[in-house]
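Colleague: I'm new to this one. Could you walk me through how to read it?

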Amino acid sequence: MTLFTRRGLLKTAAIAGIGGVGIPAIGRLGGWAAAAPEPVVLQTAKIQTKLMDGGLTRDVLTYGNAGTPPVLRMKKGEPFAARLVNAIDDPTTIHWHGIRVPNKMDGVPFLVQPYVYTGDHFDYAFTPPDAGTFWYHPHCNTLEQMGHGLTGVIVVESPGDPKFDAEFVLNLRDWRLGDDAQFIDQFRPRDAARTGTYGTVRTANWLDQPQYDAPAGGLVRLRVAITDVTRIYAFRVDGAEATVIALDGNPVPERFSPDALLLGPGQRMELAIRMPDEEGAIVSLRDVRGTKPKILANLRATGGSLKRDVRDIAPLEANPVKEVDLAAAQHISLALSATAENVPSDVICGSLGYSFWAINKVPWPGDTPDPTAPLAELKLGKSYVIDMENLTPQSHPMHLHGMSFKVLSSSTRPVQPLISDTYLIQPNEKVQLGFVADNPGDWLLHCHIIEHQKSGMTSYVRVV
């Protein structure tokens, strides 16, 4: 394992040799070869903004300098480039959650790239192979940086996408704020050892119950990304007919109503909503999980009715994910468990100072220069099935970097053969996830409840 140093990073930046850090926060940068796209500049910033009653919240982190990180729009099969410019006092990276990028673009410090120091930059370039809804976030000091705002949504468009009358993107996340609107501790150890530490302020696009206008009688595509560090949602739509058309960036095999649909951190959902015919009618997206259900966002019908029919929506095009060969697949056993061993030391990319969780009895916080051995070494192009068992009393949204899997079976519930990158495994559930190891490199596999990830429920597979 190569340990990246500041000197090595500066050498890498010098080889890249493009510009400095005095660049507009969100914009375009000239000077690249004509064949390459102009990179979107994502400059980290610390700002003050209003997140709740009680005044401005200090030390909010974003890309840019004003509010929510931008929604990045890409096109399936077309090159994309971004320059991360780090202007905060903390090393950082960007991980392109759910997008099957080349390994060196995956944004995981120590494993695949150097962390980006204050005043430095890193250039990302890749071609998204799949259309759908994805998101981006740091993979360094993850709990602090994500908890303070560094989470943005990605929309990858396809020319074959069906036409809607309106589209809205929701970035769902909590904030841990006190009564004075300032940040409080990001986690409590007793909660990190259980479900995780919940936020105190719940937002969509950094707003409390935002409302958006949509054509009466029209068809709306609602893209939802859970960028929170802890919260699991149970979704319901009130006031209109709603259909789930995609999950985690891929079309669902059979469309269904989001009737208390459970999704966890890292997961995404796309809904087709047929707006009411009456002007002024309200459609609500709700979280009905737990003892404090909440309206997340509202849509208000405007204008004369378009009198559309949800059956007008053509099927989404399947993404080019290779089909797993179950007859020839090799099985990988994976057990999720609790632990109290190997308290992690503090490192430059942050540590919670605890080791509560493990994969196959090995806790690894995922941010040290000398990780454990990979869970498995996989042969490029070969089919595999992960036999995952949750031995804990908590749910875990398990995310695989770099590759997509098919949900094959569950011991506790009927499942559709969904293509995904994140699976919310329930307590005492056994699940089979099949995939083709078609992307060479080292790929993280971890729980996306960040306290679980950072206190041991992390590992990786190696594709060679």
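**Reading the pocket, the sheet and the confidence**

Modeller: Sure. Keep in mind that this is a predicted model. Let's begin with the pocket lining: β16 (261-263), β26 (419-420) and β27 (422-425) each give at least two residues to the lining of the largest pocket.

Colleague: What volume does the largest pocket have, and which residues are closest to its centre?

Modeller: The volume is about 400 Å³. The lining has 19 residues, and Leu247, Leu261, Leu262, Arg413 and Leu418 are the closest to the centre.

Colleague: How does that lining split by class?

Modeller: Into 13 nonpolar, four polar and two charged residues.

Colleague: Now the sheet. In what order do the six strands of the open sheet come?

Modeller: Read across, the order is β10-β9-β12-β17-β14-β15, with mixed pairing. The edges are β10 (201-204) and β15 (250-256); each has a single partner strand, so one side of each lacks a neighbour in the sheet. On average, neighbouring strands here are turned by 25 degrees against each other, ignoring direction.

Colleague: How do β14 and β15 run, and how many bridges join them?

Modeller: They run antiparallel, and three bridges join β14 (residues 241-247) to β15. Leu247 has Asn250 in β15 as its bridge partner. You've met Leu247 already, among the residues closest to the pocket centre.

Colleague: And confidence: what is the mean pLDDT of the protein chain?

Modeller: The mean is 89, and 89% of the residues reach 70 or more. Over residues 1-34, though, pLDDT is below 50; that stretch still has 65 contacts in the model beyond near neighbours in sequence.

How values were computed:
Residues numbered from 1 in each chain as written. Predicted model: local features only at pLDDT ≥ 70, side-chain atom pairs only at ≥ 80, totals over all residues. Heavy atoms only, no water. 1 Å grid on protein atoms, 1.4 Å probe; cavity = no way out; pocket = protein on both sides within 12 Å on 5 of 7 lines; lining within 4 Å. Points joined across faces, edges and corners; volume = space filled by probe spheres on them. Helix = DSSP H or I, 4+ residues; strand = E, 2+ residues; numbered from the N terminus. Nonpolar A, V, L, I, M, F, W, Y, C, P; charged D, E, K, R; others polar. pLDDT = per-residue confidence, 0-100. Contact = heavy atoms within 4.5 Å. Pairing = 2+ DSSP bridges. Axes fitted to C-alpha atoms, helices over the stretch in contact; angles between N-to-C directions.
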